[in-house]
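Open the model in your viewer and keep the sequence panel beside it. The tour goes from stop to stop, with a selection to make at each one.

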Amino acid sequence: MTETLADTAAGPLEHPMPRAAGCPFDPPPALQALQADRPISRVRIWDGTSPWLITRHDHLRTLLGDPRVSADPTRPGYPHRTAGMKASDQARQTFLTMDDPEHARLRRMVTAPFAVKKVEALRPSVQKIVDDLIDGMLAGPKPVDLVEAFALPVPSLVICELLGVPYEDHDLFQRNTKVVVRRTSTSEEVLAAQRELADYLDDLLTVKRARPADDLLSVLATERVATGEMTQRHAAETGVLLLAAGHETTANMIALGTLALLRNPDQLALLRDAEDPKTVAGAVEELLRYLNITHSGRRRVALEDIEVGGEVIRAGDGIIFANDIANRDPEAFPEPDRLDITRDARRHVAFGYGVHQCLGQPLARLELQVVYSTLYSRIPTLALATGFDEVEFKHDGIVYGVYELPVTW
């Protein structure tokens with residue numbers, strides 16, 4: 001810890017920071033050191049700029065709820081994740097990267113299907129998807145890659161059904177999404193991938209406008225595009241956001257959560273034997289807190305001077321919110337580095353905080369509840385089919401997870 005902080009005296013630490021060898025579930029040690037001694041500090045990112053890094057839970061919630069903090073990536077000073085993401089952010093905007101009131105206006109157009117009651121009505125359908133995929137695994141050869149056989153198909157099938165996207169096209173959207181979320185992708189690669197996705201959904205919206213069905217793309221085509229509230233291209237870009245976010249994040253959470261539970265057999269046993277849905281729901285919240293797959297931080301820029309934690313963030317300064325270490329803040333969660341599915345973890349910031357809090361969180365929670373309450377009870381002897389040190393983690397990804405997870409039973 002002393003060496004890490006000595007480095008900051010010579011200049012800002014480079015961000016993102018490496019995790020400790022053999023500790024793939026934990027945030028980088030340098031983040032822990034900063035949280036303890038310099039919770040609001042400058043870091044240096046890929047383009048040479050030095051935005052502020054926010055590491056404490058209370059500071060993060062305070063600033064993400066502050067209207068003087070902007071999510072608009074076209075503003076000077078915004079700390080883009082990569083060169084590829086900068087090109088993407090400046091080429092297109094969705095409600096996710098807008099400020100109110102335009103953010104609220106556009107977000108309302110797609111909110112209804114993600115309301116808690118609407119999502120809860122999907123539980124039987126999600127349960128059938130999960131059971132069918134487990135049936136397929138049990139009937140086939142083993143070992144099996146849990147990512148390809150289960151973790152990726154579950155949310156892909158669900159979001160396809162909700163949006164009205166044919167699942168047989170999943171190779172197209174999964175392939176392009178992988179390019180978008182890879183840190184090493186060039187600007188040209190990211191823009192090409194997003195263009196292919198947007199063109200695909202643009203064509204699909206044309207079909208939906210002529211032959212609407214009971215899905216979100218049909219609603220956008222007939223109630224938003226047809227009335228002039230939204231251009232068809234903007235509707236397609238919104239569809240890209242929902243389609244990509246709707247499968248990539250949850251797929252990684254399913255696989256990484258399974259691996260974390262396999263490494264904590266006492267917690268896996270508690271979850272596998274749980275009969276109370278509240279226990280399962282609590283386990284989902286704790287795994288979201290503990291794992292933090294959005295490990296590159298949420299990005300914002302200050303619109304005015306803001307004083308917080310003894311520091312003054314000036315107008316135009318970029319801000320990175322390190323939700324991974326904020327969810328390990330001992331002031332918010334006692335013994336934060338311990339996975340404990342019985343703890344009350346509901347105040348975690350895995351889905352962000354404030355007006356830009358993740359739209360799809362009710363759906364993600366439902367999917368994870370069904371998966372975690374079903375997979376381990378139906379396959380109680382589930383085990384890694386390889387050494388833990390052979391599992392390859394997505395250190396190069398904007399979304400964290402594992403590339404493959406060989407399992408057997």
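Select Asp 145 first, then Pro 406 in β11: the two stand opposite each other. This is a predicted model, in which local features need pLDDT of at least 70, side-chain atom pairs count only at pLDDT 80 or more, and totals for chains, interfaces and linings use all residues. Residues are numbered from 1 along each chain as its sequence is written, and side-chain values use heavy atoms, with hydrogens and water left out.

**The three-stranded sheet**

Now widen the selection to β5 and to β11, residues 406–408; two bridges join these antiparallel strands. Strands here are DSSP runs of E with at least two residues, helices are runs of H or I with at least four, and both are numbered from the N terminus. Two strands count as paired if DSSP finds at least two bridges between them. Add β10 to see the whole open sheet: its order is β5-β11-β10, and the pairing is antiparallel. β5 (144–145) and β10 (383–384) are the edge strands, each pairing on one side only. Strands of a sheet pair through backbone hydrogen bonds, either parallel or antiparallel.

**The negative patch**

Go to Glu 404, in the loop between β10 and β11. Then add Glu 148, Asp 171 and Glu 392: with Glu 404 they form a negative surface patch. Patch residues have over 30% relative accessible area and no salt bridge, and like charges are joined within 9 Å. A salt bridge would need a side-chain nitrogen of Lys or Arg within 4 Å of a carboxyl oxygen of Asp or Glu. Accessible areas come from the Shrake-Rupley method with a 1.4 Å probe.

**The six-stranded sheet**

Select Trp 52, in strand β3 (residues 52–54). Is Trp 52 buried or exposed? Its relative accessibility is 8%, so Trp 52 counts as buried; the cut-offs are under 20% for buried, over 50% for exposed, and partly exposed in between. Its bridge partner is Arg 42. Strand β2 (residues 40–44) runs antiparallel to β3, joined by three bridges. Show the full open sheet of six strands: β1-β2-β3-β9-β6-β4, with mixed pairing. β1 and β4 (69–70) are its edges, each pairing on one side only. For scale, pick Arg 209: its C-alpha is 45 Å from that of Trp 52.

**Last stop**

Pick Gly 22, in the loop between β1 (13–14) and α2 (29–37). Gly 22 counts as exposed because its relative accessibility is 68%. Finish with Met 98: it is 76 residues from Gly 22 in sequence, and 39 Å away, C-alpha to C-alpha.

How values were computed. Buried < 20%, exposed > 50% of the residue type's maximum accessible area, 1.4 Å probe, protein only. Patch = residues over 30% accessible without salt bridge, like charges linked within 9 Å, V, L, I, M, F, W, Y side chains within 5 Å. Lys, Arg positive; Asp, Glu negative; His and termini not counted. Charge placed at Lys NZ, Arg CZ, Asp CG, Glu CD.
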